[in-house]
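Student: Could we go through this one together, a strand and a helix at a time? I would like to see how each sits among its neighbours.

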Amino acid sequence: MSDKPAAPAAPSRASMKKELPEHFRGYKHVWVFIEIERGAVHPVSFELLGEGRKLADKLGVELASVIVGAPGEATRQAAQETFAYGADLAYLVEDEILTDYRNEPYSQAMTQLVNAHKPEILLLGATTLGRDLAGSVATTLLTGLTADCTELAVDADGSLAATRPTFGGSLLCTIYTLNYRPQMATVRPRVMAMPERLEGRQGRIIEFKPDLDEDKILTKILKFIPDRDSAKSNLAYADIVVAGGLGLQSAENFQLVRNLASVLGAEFGGSRPLVQKGWIGSDRQIGQTGKTIRPKLYIAAGISGAIQHRVGVEGADCIVAINTDKDAPIFGFAHLGVVTDAIRLLPALTEAFRKRLSPHGRDRLAG
């Protein structure tokens, strides 16, 4: 038997105190990274400004937008636009090296800006670009990052409480960045509501010149080739969405969803099992691991409504569920439920709408 004393147990995360080291206590304000590609601001950036405004007001600090790009009118116009969506100030980071997104120069510019102006909270969209940038910035700054959040709040001691689904969507967990700054989080498009645009609202612009050297950047932009499939799906921002699930029984029956969507002038999608079976492409998947949507009308045919799907659709204004199982989870959050076989009801709905709706009538339906 050894007389060597046992090593002290490592403290659990739950027992750790949120006590910031002295050098982090000067970090203030809420920042939102504004995603710009080919001169256009991604709508998720405006959604995050709305959420960032709430956090900043709760903390009693300013809300800042961060605009990174090439020098020019488009970049400055984007900065002005953020004021209409709630920003108090805009950090303008301009350099020819930043004309097109590349991880290395964007990460360098962002980390230099953070180290110079010290934000308390930094939010980014959970897009392809945002996820790539957020991970490298958090790693470089040696801070925490909570990805794909569904809710953001400030707790009693002023810490960011970032909530996201876990264990396949069966649970929600709230994550804190205890002793590091900035506190970082990404949020998928359409998870947060679009804030009201306030015309004429003004703010101040702070210009920041990053220290970048093209010769030290490994990746080069040779040519921009648009994705030929990029315009096929616009689920996240559609006013009307019709979706199908395994209750449709076959890939051939999924055409019933497409037909109804066509008559309504809607987008179509489906649940994750349909992607796994190859009935639809991954760009049409709705749910936690697919697209989050906030349409005015969502029709779900043959979808059971597990928590993974609910996370992606519960922001819809009106959810109509069609399912043969009266105990299906989707009836617990749908606004209108129809207990019947979707394979029989969808053709009838399609024909009824076809007779009653003109092209102008579709606009009234979505209004």
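Tutor: Happy to! A residue counts as buried when its relative accessible area is under 20%. Keep in mind that this is a predicted model.

Student: Is strand β16 enclosed or open, and why?

Tutor: Start with its two faces: Ile 319, Ala 321 and Asn 323 are buried on one side, and Val 320 and Ile 322 are buried on the other. Five of the five residues in 319-323 are therefore buried, and the strand is largely enclosed by the rest of the structure.

Student: Which residue of β16 is the bridge partner of Tyr 298?

Tutor: Look at strand β15, residues 297-301, which pairs with β16 in the parallel sense over four bridges. These two strands and helix α7, residues 307-313, make a right-handed β-α-β unit. Within β16, the partner of Tyr 298 is Ile 319.

Student: Which residue in β17 stands opposite Ala 321?

Tutor: β17 covers residues 336-339 and runs parallel to β16, joined by four bridges. Opposite Ala 321 you will find Gly 337.

Student: What should helix α4 span at 1.5 Å a residue?

Tutor: The expected span is 1.5 Å times one less than the number of residues. Helix α4, residues 128-141, has 14 residues, and its end C-alpha atoms lie 20 Å apart, which agrees with the expected 20 Å.

Student: Which residue just after α4 takes a positive phi?

Tutor: Within the helix, the buried residues include Leu 133, Val 137 and Leu 141. The buried residues pack against several elements, among them α3 and β7. Just after the helix, the residue with a positive phi of about 55° is Leu 142.

Notes
Residues are numbered from 1 along each chain as its sequence is written. This is a predicted model: local features need pLDDT of at least 70, side-chain atom pairs count only at pLDDT 80 or more; totals for chains, interfaces and linings use all residues. Side-chain values use heavy atoms; hydrogens and water are left out. Buried means under 20% relative accessible area, exposed over 50%, partly exposed in between (1.4 Å probe, protein chains only). Two strands pair if DSSP finds at least two bridges between them. A crossover is right-handed if, with the strands pointing away from the viewer, the path from the first strand over the helix to the second runs clockwise. Contact means heavy atoms within 4.5 Å.
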